Amino acid sequence: MTVAEIEKNIRNGIRMTKEEGVFLLRNAEILDLGALANEIRFKNNPKPYVTYVLDTNPNYTNVCTVDCIFCAFYRHPGEEGVYTRTVDYMMEKFKEAARNGTTTVLLQGGVNPDLPFEYYLELVERTVKEVPQIFPHFFSTSEILIMSKVSGFSVHTVLEKLWEKGLRSLPGGGAEILSDRVKKKISGKKGTSDDWIRVMRTAHRIGYKTTATMMYGHLEADEDIITHLDAVRALQDETGGFTAFIPWSFKPGNTPLEKIIPHYASPLRYLQMIALSRIYLDNFRHIQGSWFSEGKKIGQISLHFGADDFGGVLTEENVHASAKFVNKTSAEGCKMLIRESGFLPAQRNTLYDILNIDDVRKAV
Ligand code: SF4
């Protein structure tokens with residue numbers, strides 16, 4: 001096996017195996033990997049534009065009993081600083097976001113066992129009715145699982161009831177690394193890789209679109225990364241329900257895991273993750289690079305390593321902020337970063353449909 005042989009096979013449309021994935025990760029030159037990923041990016045998305053979304057990422061509760069050791073955001077019930085917002089409070093927040101032009105709300109909590117299922121149903125129903133400008137992109141798999149537990153309904157029924165209220169899209173959070181060897185160490189109470197896959201599969205079969213995410217840069221090995229990519233590729237083959245793949249690196253600040261992993265993964269590692277995702281996930285149209293999670297410069301470079309989407313402007317964000325990692329930009333700033341990278345910015349919605357084609361028109 002050589003890098004050149006693997007790259008030739010990929011260019012001839014032969015799908016990469018897990019073994020080849022690990023080999024490329026360890027042996028390919030980063031610029032070769034990026035060039036191949038960029039080729040595939042333009043095959044899947046031939047237009048020279050990069051999409052972005054006007055979004056915000058508030059939280060309805062920080063109460064959580066799952067104790068992920070990579071998380072600095074949550075508080076135990078009764079601890080100082082805990083909060084759980086009322087539905088009225090969240091509606092005001094969403095209305096304010098809509099007034100500022102936001103189209104997507106990515107809403108997640110902690111995993112709060114004291115909230116009844118009716119709370120989540122009301123959140124969705126009232127968002128759809130009272131703030132129709134907002135597309136709800138609500139609840140990670142962990143929250144779907146706690147809803148199932150507190151209500152006694154199956155995951156399928158929970159998702160059906162949320163669908164009836166108007167939910168159509170779920171964020172991919174909670175996957176971290178789909179390798180139970182690692183999951184046991186970093187989020188032992190969160191459920192297995194199969195739990196994440198099961199919730200996503202059920203959601204896709206009902207008709208939901210979801211993203212798939214990956215958090216790396218902690219206790220995983222190269223093989224775990226490929227196992228993760230392989231699992232989401234297999235589910236995408238089966239359901240076609242994923243809109244995009246979004247890798248990001250572990251942020252150690254204020255987390256229990258900081259004692260073992262005190263540093264961020266390197267920018268080079270991020271570019272490897274973006275490029276390899278683009279190459280391995282041959283059935284994903286969109287790979288998201290991020291100005292937010294890795295810094296503006298590396299975000300810009302990721303657009304030349306296979307990413308075709310730049311994520312959102314994230315007006316509010318609390319999870320990375322709890323880990324002392326803060327990046328800010330505006331819609332104009334986001335567009336500027338895309339232009340500086342040599343692309344045309346195109347505003348999209350949650351489902352990756354283009355909303356604002358003014359810039360795009362110039363390109364076609
Ligand atoms: S990552 Fe989510 S589930 Fe894990 S401790 Fe933090 S809030 Fe809870």
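**Asking why, from Leu314 to the helices**

Trainee: How do you know that Leu314 is buried?

Mentor: Leu314 has 22 other C-beta atoms within 10 Å. A residue counts as buried at 20 or more, so Leu314 is buried. Keep in mind that this is a predicted model.

Trainee: Where does Leu314 lie, and what is its phi near?

Mentor: Leu314 sits in the loop between β9 (309-312) and α14 (319-322). Its phi is near 45°, a positive value in a residue other than glycine. Most residues other than glycine have a negative phi.

Trainee: What makes Tyr352 partly exposed?

Mentor: Tyr352 has 17 other C-beta atoms within 10 Å. Buried takes 20 or more and exposed takes 12 or fewer, so a count in between is called partly exposed. That is where Tyr352 ends up. You'll find Tyr352 in the loop between β10 (344-348) and β11 (354-356), and its phi is positive too, near 75°.

Trainee: And Met90, is it buried or exposed?

Mentor: Buried: Met90 has 20 C-beta neighbours inside 10 Å, and the cut-off is 20 or more. Met90 lies in helix α4 (residues 87-99). Neighbours within four places in sequence aside, Met90 is in contact with Tyr60, Arg85 and Leu123.

Trainee: Over to helix α1, then. Which residues of α1 are buried?

Mentor: In α1 (residues 3-11), those are Ile6, Glu7 and Ile10.

Trainee: How do you know that they are on the same side of α1?

Mentor: Around the axis they cover an arc of only 95°, so they end up on the same side of α1. In an α-helix there are 3.6 residues a turn, so residues three or four places apart point the same way. The other side of α1 has Ala4, Glu5, Lys8 and Arg11, which are exposed. What covers the buried residues of α1 includes α2 (18-27), α3 (30-44) and α11 (267-280). After α1 comes Gly13, with a positive phi near 85°.

Trainee: Now some helix pairs. Why is α5 called roughly parallel to α7?

Mentor: The axes of α5 (residues 117-130) and α7 (residues 155-165) come within 8 Å and cross at roughly 25°. Angles under 35 degrees count as roughly parallel, so α5 is roughly parallel to α7. The crossing is right-handed.

Trainee: Which residues in α5 and α7 meet?

Mentor: From α5 come Tyr120, Leu121, Val124, Glu125 and Val128, and from α7 Lys161, Leu162 and Lys165. By class, that contact has 5 nonpolar, no polar and 3 charged residues.

Trainee: What makes α7 and α9 oblique to each other?

Mentor: α7 and helix α9 (residues 193-206) pack at an angle of about 45°, with their axes 10 Å apart. Roughly parallel needs an angle under 35 degrees, and roughly perpendicular needs 65 to 115. An angle of about 45° fits neither class, so the pair is oblique.

Trainee: How does α7 pass α9, in a right-handed or a left-handed crossing?

Mentor: In a right-handed one. At this contact, Val155, His156, Leu159, Glu160 and Trp163 in α7 meet Arg198, Val199, Thr202, Ala203 and Ile206 in α9. These residues divide into 6 nonpolar, 2 polar and 2 charged.

Notes
Residues numbered from 1 in each chain as written. Predicted model: local features only at pLDDT ≥ 70, side-chain atom pairs only at ≥ 80, totals over all residues. Helix = DSSP H or I, 4+ residues; strand = E, 2+ residues; numbered from the N terminus. Arc of directions from axis to C-beta. Contact = placed C-beta atoms within 7 Å. Axes fitted to C-alpha atoms, helices over the stretch in contact; angles between N-to-C directions. Parallel < 35°, antiparallel > 145°, perpendicular 65-115°, else oblique. Left-handed = near helix turned anticlockwise from the far one by under 90°. Nonpolar A, V, L, I, M, F, W, Y, C, P; charged D, E, K, R; others polar.
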